[in-house]
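Q: I have a multi-chain model open and would like to go through it with you, chain by chain and contact by contact. Could you keep to what can be computed from the atoms?

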Amino acid sequence: MLEQIVFYSLAALITASALMVVTARNTVHSALFLGLCLAGVGGIFALLGADFLFAGQIMVYVGGIAVLIMFVVMLLGRASDLHLRQMNKQWAAALLVCAASLAGFWKIVRMAGGALATAPVKPTTGPLGLIMMGDYALPFELVSLVLTGALLGAIFFSRSEKSQ
Amino acid sequence: MNMLSLVTFIPLAGALLVLALPKERVKAIQATALASAGASLALSIALIPLFNRGSADMQFVERLSWIPSMDIHYVLGVDGLSFPLLLLTTFISFIALIGSLGIKERVKEYFFWFLVLEVGMLGVFEALDLVLFYVFWELCLVPMYFLIGIWGGPRKEFAAIKFFLYTLAGSVFMLLAILAVYFNTAPHTFDMIALMKAHSAWSLKFQILVFLGFYLAFAIKIPAFPFHTWLPLAHVEAPTAVSVILAAVLLKMGLYGLLRVCYEMLPLGFHWFLPFLIAIAVINIVYGALCAMAQTDMKKMVAYSSVNHMGYCLLGVAGVSAIGFSGAVLQMINHGIITGSLFLLVGVIYDRAHTRDISAFGGLAARVPIYAGLMFLACFASLGLPGLAGFVSEFMCFLGGFAQWKIYTAISVLGVLATAAFFLRMMEKVFLGPLNNKWAGLSDMSARELCSIVPLTVLTIAFGVWPKLALAFINTTAVQMAGLFK
Amino acid sequence: MLEHVYLIPLIPLFASLVILLGFKEDPHSPAPYLGLAAMGWCLLQAVSIFWGVAGGRIVLPYEASINWFPLATEVAGKAFSYQMPIGVLIDGPAAVMLVVVTLVSFLVQLYSLGYMHGDSRFRRYYAFLSFFTASMLGLVVSNNLLVTFMCWELVGVSSYLLIGFWFEKPGPAYASKKAFMTTKLGDCGLYLALLFIFTKVGSFQIDQVREFATRGYFGMGAATAIGFGLLCGCAGKSAQWPLFIWLPDAMEGPTPVSALIHAATMVAAGIYLIAKTYFIFLAAPIAMEAVAWIGLITAFLAASMALVSYDIKRVLAFSTVSQLGFMMCALGAGGYTAGLFHLTTHAFFKGLLFLGAGSVIHAVHTNDMRSMGGLSKKMPITFLTMLAATLAISGVWPFAGYFSKDMILESVYHHSPVMFYLLTAAALMTAFYMFRLISMTFLGPDRDHEKHHHAHESPLVMTVPLMVLGLLSVVAGAALAHDGFVERLLSFPMPQTPGPEFPRALGLGVSALVLCSLALSWFLYGRGDFSIAEAVKKRFSAVFNVLEGRYYFDQLFLGLVAVADGAAKLAFWIDARVIDQTFVDGWGLLMRVFSELSALFDGLFIDRTVDGFGGLSSDLGTGLRALVADGQVQEYLLYAAIAVSLATIFILSR
Amino acid sequence: MSNLHLLSPELALGGMALGLMVADLFVAAKHGRLLYHLGWLVSILALVMVGYTISNSAAGQGVGSLWAVDPMSQFFKMLILLTTVLCLLMGLEYKDLPPAHAGTFVCLLLFSAVGMMLLVSSVDLLLTFVALELISLTSFILAGFERRNHKSNEGSVKYFLFGAFSSAIMAYGISLFYGATGTTRLVGVGHDGGPMFLLGLLMILLGFCFKASIAPMHFWVPDAYEGAPTPVTAFLSLAPKIATLGAMVRLFTVLLPASAFNLTTLFVVLAAATMTVGNFTAFFQNNVKRLLAYSSIAQAGYILIGIASGNTIGTEGVLLYSFVYVAMNIGAFAVAQSVASRSDGAGAYDLEAFNGLARRSFGLALAMAFFLLSLSGIPPLAGFIGKFYIFSAAVQSGHMGLAVIAVINSVVSVYYYMRVVYHMFFKPAADETPLAVGPFLYGGLAIAMAGILAFGVYPEPLVASVQASAQYLP
Amino acid sequence: MNLGSYVALSAALFLIGVFGALTRRNIIGILMAIELMFNAANINLAAFNRYLHPGGIIGQTLALFIISIAAAEVVVGLSLVLAIYRNTDTVYVEDYNLLKG
């Protein structure tokens, strides 16, 4: 029962803030709601017993990405932006497309349907560490390459012209 | 014994040599081109005594492994159907090269493409592997595109791309047909000799489909109605020597394919198509002649006359008899020679007058008698005057067609009449009547021009008087072909 | 001599080539003598053969051939290789024709020495003449129908070249084309007939075809079809109705050419061919009847047209057409001998008439008979020889024409009395217009003093041929008819058909009428006073107009030409505007269809969406219509999202 | 973690790339070119290593936990490395790349290559996803490498947005796939073919389509290609596409054959749509880079036929076509680069810039003509062999309709390829100064030219090796 | 709590993300929407792992990888935005229309 209350409130939070992310006029508000939404997702992770994932979500997403985005939004934002429409003209088509997708997604939801958790929740940090050092060591290392590349790119793009 | 390879690839060697020469050394380039085409011609002539006229089998066969992983082999060989066409190709190429010596612009590129073109044409007639055949077939396209597009007339670019796309559109379907044939043969094979024996396993429906694939490619090349409209434009815009090649050799590739592939490999499909083929032949003859009648441009007129003459060949083919086949092949040779000389002659007058408009001339016979004489001869040969090359072959085609299709052939005879009409009208307007004073300063043929045209004229007369010269090669094969599917 | 008969066509051919290639163009070229020598040789050879035949030392027919080229063929399910033997076949008609052709050719070449003297293309003229003679002789001697046809075409080309000899003038240039095309029209039929024959028989050799036909293997239908095809060709070449229109125009050529080609030899080829393939007509009575009627119509119409013409050569041309009609009619009526006999005699006197007319034209430099008159004193030889020819053609005893024409009338009467009467009317007209010609040219006062003043008798090279032919016009008929020689020489074995016998009295009556006709002609035109003739002309002006308009057959053919031209224009229009557009711009069409499909997609899918939600600007639609043209990244994303939604819709069905 | 040694070429290349990054710190900006040389030398080293694994299959090939090193993957790896080498050679002659950032450029290119090499070997969705992301992220940066060029910026941003969007879709697809199967390992998947599985698979497919520029995920291609520096364009048009198609072959013909889920029709439609869209849109392009971009979409469509056919010949066709595609496409871009190298700013890649190339440099024009003709599949150039193989796959599998669409498309393509030829050969040049080609570009061109000519005339070695390479391990 | 709810939540989040990516004019807005889509995938993974495949933790591992890669993507995206903003002074994607045709 408690689980349900928590889930539905989290779900409401996530959905509402996600909707705000995509509809808010002010991009700063969008970014704030994104943080909220990501935190809500983290809550879901916790609810699902994924403790490490919960931690990762809060630290990387909420603490890292959302803040970074907020930072850039503030950096690039202008007062005039507040008066500009933040949604383009194809919203109707987009809505239609999303609505059309609903049917298929609904089928999947129905399929997943009433499956209930059978096993008790276990801590996952240990197994995750093992798997990262085991079978998934290569992708793990590869991610480091991805991040290095991203870093290189970020440095390249943001280095000011004068420094050359 | 790899004579055929030598014949085919000597021009390629020449082309590469031309490519290596600096473009300023015009004389050397011309000499190289002539020498390589000449060597090819000489070699092919040297094959004549070695060719066994009594045999319908493939001769001088060469078989090398080319792409064994894909069952594709390098197989060359000629029989009575292809050998005369091979000779025609080497001969006309050489003649056309002589006719090209007047080209002043971008000489190196010109001769390079020309020699590559010759390789492609020769290969088409020799190849006995369908993929090899296709490769050579397509090899003709690109050089032709450049030859028309760079050295052609005012609308050359359009003509070039039209030619290219039109023929390519046909040949890609041939590619599909080749693949279909390959996958439907018990041991998968591209070998044409083997495929000629494999058709009995194919159903009628399959044969029809494959036939249509092949036919589209060949019909466009022939050109058979209604796929002929690229021809007048290409002919009009192409430089003289290229028109000669186009008419004399390239069109024959279509008919050759029709006989070699469509008939010999897909008899059921061919027989299914016969009623259409004869109708197309008649349309080609009558309609081509009518269109030619409406022309004021001499070159365009000759181009449409090619449509008409190819109709005769189709008529012969549609007869499905030895007479028809040998007539069709002979007509191909003769048309090559005659129309070749017609184009060269039109080129001669165009070089001087810079117009080909029939009504712009008048009374030239008094001014340029040698030219007029040769032109008369060529025109008469083209309209089928006895004693000149066109007559016997045309008659044989008609004989072949008549045995099978009386009414159609009777209608076709009207085409003969129309052919006579437009040639006579052209001769009257250009050569007879009072001399148009604008052309009072016209000079008669130069030695170089004579060099390129006289051999053709001599052959025109020789084949007219003694058709056995050519028929001796063709007959055995034609008989064997006609006997294939009784 | 007979074993070298193949030389007869080959020598002039060779001579022609030598003249054309070996001599320079020069008004005083010695080339003509070569041609003349060649002709002389042929004449000697022909005469010696004829003499041998006449003397019974040579037994006809003679045949020899060589193989030309192999033709793998199949007849009635049996495959064999036909070797196409070509060679010579000398029978009675051929022997006679050889003499006629070589003789007239020789005389015309001799005559031309004077007539064409000083022409700038003297050499070419002789080359063409020799070439013509070679082809004509080939036609005569060939034993192979294909070769006959080839020579047939070659004489056509020679005729084309010679009619258009003075090509600088538009008249000859046009006339030569007209002649070639009209005969070619007829040749189409001949061509088909040959195809038919070969398809049936598997051979072109005349004796084999004859064998086949006489055994009745052709069948009525095939024989009739072939017969009509042959008739078509012969009508073209021999200027029969309705293809006779080219012959009057062909008079634009030099007069000796007219004499040789368009009077004596080539135009007779049609008659000769029918005789050569007579067995086919015997097997096809309908075709035979058609031959007779076409001949009859031609004879009558042409004679009537000759009545009103003032051009001396045109009169002779119409006369030729008419006489050819006589021969045709005779052949059709079963008078094989009569037709060929008339062919022979006609060659002599018509050749003579043309050469004489040439002599006159040479003297007065005009063709118009109204500017002539009273030339008999100035040109006595010409006058006398032409008079002899006129009497011969009119059929006055004992001139040559009498015998042959009499024979024709006899056989026609045997066939059908109606035809006989019509033909007799034509014969009477013949006498009338011929004497009208003589009267207007030679008799009466001179009407153009200047021309008359300058007129003089032609040189000896021109008058000698006249005299030779004049002599023949007088005696040839009687000589050949003597003792039934002609029946022996020119005969064809055929079944006797029942029919009325020709009453002798009727023959005499015809002769008498001919004389009356001559007299009437003299009365109207011979006294220098044309008033009565003019009055008649005024009275019957409608008839005269039709006659002068040549029954408007030319217009008919011009109409045909116009139709053909129209068809050509139409065909080309279709080609350029319809087929080309469809097949080449089908290319463009493909593009259009593609773009329209995408527009349709927009219209159906996007615009509807937009409309459905309302209030949206049409930016979206236009943006999509350009598909990717706008470069808006979110449009790209939209397509990706559409793909996702399609995927979700896709799984609904699983 | 088993059999990690099988990936030694990738690991070595990655390590050396990191080494280069470090070396960059010690190389003065003006010696930036040195890093390019190091880069292609390193790539060749990796190429040699891959070659070793091919020649020594017992030691060098096998199956690991997430990867399979088999003849097919090694074939693609060789192609990827070859492309990398050629693009680095092109980069040496490209004047708009700042030498100061040479280290970054080379390093990113090599990272990307590592990602691709892993992609073609991957048999696990996780590895596939990470490898794809590595490729994508480095590609985004490379596409925007002309920092001050607005077009480059713009192309890069569009590329990025589209890429991120489609990786999100793919991630979602992977989640569904995982939900349906409980694993990410693709070998021996006990699939049920249910809606969740299928939707997951389709969304993963969309992610692949994005990288391989298959319709409807191709829209970014022309913009990104036009904006990117030409060597990068050449690289992007080849390596990621080939790698992705290689991965798709493995996934959809071997591991989870499309026919098993009745998805063959979908692939047929995708192939037909891709080549049609590519070819018909290329029709109207006046910028050579854009034209080649659309052409590369079309080429992807042709290659996809091989996958749609689902037979051995199809697989071999994908390999063969990929090989010849590398040679002809890199050649075309190299020529475009050298033509543009003479002019500045806007219009450098316009068709007009090619006017009279035959007079300025006949060899270059002829080479371009050959590359384009090869792209359109005219024999006897290598492109023909590729098309031939691909078409035979379609015919053998009975997809006659697809084959017909394909041949019609190849006719259509001739038109726009010939437009370039038309400008090179038929139009007079505005300025007839001869065009010189730098030595490295020349070398690259020579290699590509030799490839299309030699394998066009005598394709047997290529075909034989392709047939030997079309083998999978798991 | 059943699995369907989680999947439904994830689907909703995904579609909201899609909608945002299609409609936000601001690049950063689009970027944020895409992050939502990634998160939707992650919810799915965690939920499936818990409910359907509780034996392993591959789902969570995957989610972890996706988080880190999304982070890298954001980094690259934001630096790109910075670079382009410096050049063009705008973050509205409609203004990026040099490349078309």
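Q: What percentage of the 101 residues in chain E are buried?
A: This is a predicted model, and in it buried residues make up 76% of the 101 residues in chain E.

Q: What helices and strands does chain E have, and in what pattern?
A: Chain E has three helices and zero strands, and along the sequence this reads α-α-α.

Q: How does the radius of gyration of chain E sit against that of a compact globule?
A: For 101 residues a compact globule would come out near 13 Å, but chain E has a radius of gyration of 17 Å. The box filled by the C-alpha atoms of chain E, taken along the principal axes, is roughly 50 × 25 × 25 Å.

Q: And what share of the contacts in chain E join residues at least 24 apart?
A: That share is 49%, counted among contacts in chain E between residues at least 6 apart in sequence.

Q: Now for chain D, what does the same radius of gyration check give?
A: Chain D has 474 residues, for which a compact globule would have a radius of gyration near 23 Å, and the value for chain D is 21 Å, which agrees. Its C-alpha trace spans about 65 × 55 × 40 Å along the principal axes.

Q: What is chain D built from, and how much of it is buried?
A: Chain D contains 19 helices and two strands, and 71% of its 474 residues count as buried. Of the contacts in chain D with a separation of 6 or more, 80% are accounted for by residues 24 or more positions apart.

Q: Switching to interfaces, which chains share the most contacts?
A: Eight pairs of chains are in contact, and among these chains A and E share the most contacts.

Q: How many residues does each of those two put in?
A: Chain A contributes 71 residues to the contact and chain E contributes 59 residues. On the side of chain A that touches chain E, at least two residues each come from helix H1 (2-23), helix H2 (27-47), helix H3 (51-76), H4, helix H5 (125-133) and H6 of chain A. H3(A) gives the most to that side, with 13 residues.

Q: What is the chemistry of that side of chain A?
A: The residues of chain A that touch chain E divide into 51 nonpolar, 18 polar and two charged.

Q: And where chain A meets chain D, how many residues are involved?
A: The contact between them takes 21 residues from chain A and 27 residues from chain D. The elements of chain A that give two or more residues to the side touching chain D are helix H4 (91-112) and helix H6 (137-158), and H6(A) has the largest share, 13 residues. By type, the residues on this side of chain A are 14 nonpolar, five polar and two charged.

Q: Which domains is chain A divided into?
A: Chain A is divided into domain 1 (1-81) and domain 2 (124-164), and the centres of the two, taken over C-alpha atoms, are separated by 23 Å.

Q: Where does chain B stand relative to chains A and E?
A: Chain B does not touch chain A, and the nearest C-alpha atoms of the two are 38 Å apart. Chain B and chain E do not touch either, with their nearest C-alpha atoms 24 Å apart.

Q: Within chain B, what is the span of H14?
A: Helix H14 of chain B covers residues 322-353, which is 32 residues, and reaches 45 Å from its first C-alpha to its last, close to the 46 Å expected. Because 28 of its 32 residues are buried, H14(B) is largely enclosed by the rest of the structure. After H14(B) comes B:His354, whose phi is positive, near 60 degrees.

Q: What about H3 in chain B, how many of its residues are buried?
A: In H3(B) 18 of the 18 residues are buried, so that helix is largely enclosed by the rest of the structure. Helix H3 of chain B (residues 82-99) reaches 25 Å from first to last C-alpha, close to the 26 Å expected.

Q: Last one: is C:Leu260 buried or exposed?
A: C:Leu260 counts as buried because it has 32 C-beta neighbours inside 10 Å, the cut-off being 20 or more. C:Leu260 is found in helix H10 (residues 255-264) of chain C. Leaving aside neighbours within four places in sequence, C:Leu260 is in contact with C:Val104, C:Ser105, C:Val108 and C:Thr265.

Definitions and conventions:
Residues numbered from 1 in each chain as written. Chains lettered and ligands numbered in written order. Predicted model: local features only at pLDDT ≥ 70, side-chain atom pairs only at ≥ 80, totals over all residues. Helix = DSSP H or I, 4+ residues; strand = E, 2+ residues; numbered from the N terminus. Rg over C-alpha atoms; globule rule 2.2 N^0.38 Å. Buried ≥ 20, exposed ≤ 12 C-beta atoms within 10 Å, placed from the backbone. Contact = placed C-beta atoms within 7 Å. Expected span 1.5 Å × (residues − 1). Domains from an automatic or database assignment. Nonpolar A, V, L, I, M, F, W, Y, C, P; charged D, E, K, R; others polar.
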